[in-house]
Amino acid sequence: MTPIIEQEFLLHSNIIENEDADAFPDAVYAWEYLRDYQELTIDRILECHNILMRTRKTIPASAKGRWTKHQTGIYNSFG
């Protein structure tokens, strides 16, 4: 179970990223996945991305948790 302070962090992180409420369970699941490990590896980062993006419809399934050759970015309403 994720402590309340960590849940608050994830909630505010999603707000900053302009994610809707549906993304919160994925954020918690990804956080709990990473907490199980002492070392952060490329494979774990990719799996974390896969978990975070699994229900997102904004990117194709082929880009979830994988390296791509497409330019990506984090954008806000200001561009």
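Helices here are DSSP runs of H or I with at least four residues, and strands are runs of E with at least two, numbered from the N terminus. The model discussed below is predicted.

Q: How many helices and strands does the protein chain have, and what pattern does the chain follow along the sequence?
A: Under that definition, the protein chain of this predicted model has 3 helices and 0 strands. Read along the sequence, these elements give the pattern α-α-α.

Q: What percentage of the residues of the protein chain count as buried?
A: A residue is called buried when its relative accessible area is under 20%. The protein chain exposes about 6,600 Å², of which carbon and sulfur atoms supply 57%. Of the 79 residues in the chain, the part that counts as buried is 22%.

Q: How far apart are the end C-alpha atoms of helix 1, and which residue with a positive phi follows this helix?
A: Helix 1 has 13 residues, which at 1.5 Å a residue should span 18 Å, and its end C-alpha atoms agree with that expectation at 18 Å apart. The helix is followed by a residue whose phi is positive, near 60 degrees, namely N18.

Q: Is A27 buried or exposed, and which residues is A27 in contact with beyond its neighbours within four places in sequence?
A: A27 has its place in helix 2, and because its relative accessibility is 5%, A27 counts as buried. Its C-alpha atom lies 8.3 Å from that of L11, although the two residues are 16 residues apart in sequence. Leaving aside the neighbours within four places, the contacts of A27 are L10, N14 and L52.

Q: Which helix do the buried residues of helix 3 pack against?
A: Helix 3 covers residues 42-53, and its end C-alpha atoms are 16 Å apart, in agreement with the 16 Å that its 12 residues should span at 1.5 Å a residue. Within helix 3, the residues L46, C48, I51 and M53 are buried. The buried residues of this helix pack against residues 24-35, that is, helix 2.

Q: Which residues make the nonpolar surface patch, and what is its area?
A: One member of the patch, I42, lies in helix 3 and counts as partly exposed because its relative accessibility is 46%. Residues enter such a patch only with over 30% relative accessible area, a cut-off that the 46% of I42 passes. The patch is made by L40, I42, I45 and W67, and its area is about 480 Å².

Q: How many aromatic pairs are there, and what is the geometry of the pair F9 and W31?
A: Rings pair if their centres lie within 6.5 Å, and by this rule the count comes to 2 aromatic pairs. The ring centres of F9 and W31 are 5.9 Å apart with planes at 50 degrees, so this pair is tilted. The pair links distant parts of the chain, as F9 belongs to helix 1 (residues 4-16) and W31 to helix 2, 22 residues apart. W31 counts as partly exposed at 30% relative accessibility, and the geometry of its pair with F9 is tilted.

Q: Why is the pair of Y33 and Y37 edge-to-face?
A: Y33 is buried, with a relative accessible area of 19%, whereas Y37 is partly exposed at 34%. Their ring centres are 5.3 Å apart, and planes over 60 degrees apart count as edge-to-face. The pair is therefore edge-to-face because its planes stand at 65 degrees.

Definitions and conventions: Residues are numbered from 1 along each chain as its sequence is written. This is a predicted model: local features need pLDDT of at least 70, side-chain atom pairs count only at pLDDT 80 or more; totals for chains, interfaces and linings use all residues. Side-chain values use heavy atoms; hydrogens and water are left out. Patches are made of residues with over 30% relative accessible area and no salt bridge: like charges are joined within 9 Å, nonpolar side chains (Val, Leu, Ile, Met, Phe, Trp, Tyr) within 5 Å. Accessible areas come from the Shrake-Rupley method with a 1.4 Å probe; for residues, only the protein chains shown count as cover. A salt bridge is a side-chain nitrogen of Lys or Arg within 4 Å of a carboxyl oxygen of Asp or Glu. Buried means under 20% relative accessible area, exposed over 50%, partly exposed in between (1.4 Å probe, protein chains only). The expected span of a helix is 1.5 Å times one less than its number of residues. Contact means heavy atoms within 4.5 Å. Rings of Phe, Tyr and Trp (its six-membered ring) pair if their centres lie within 6.5 Å; planes under 30 degrees apart count as stacked, over 60 as edge-to-face and the rest as tilted.
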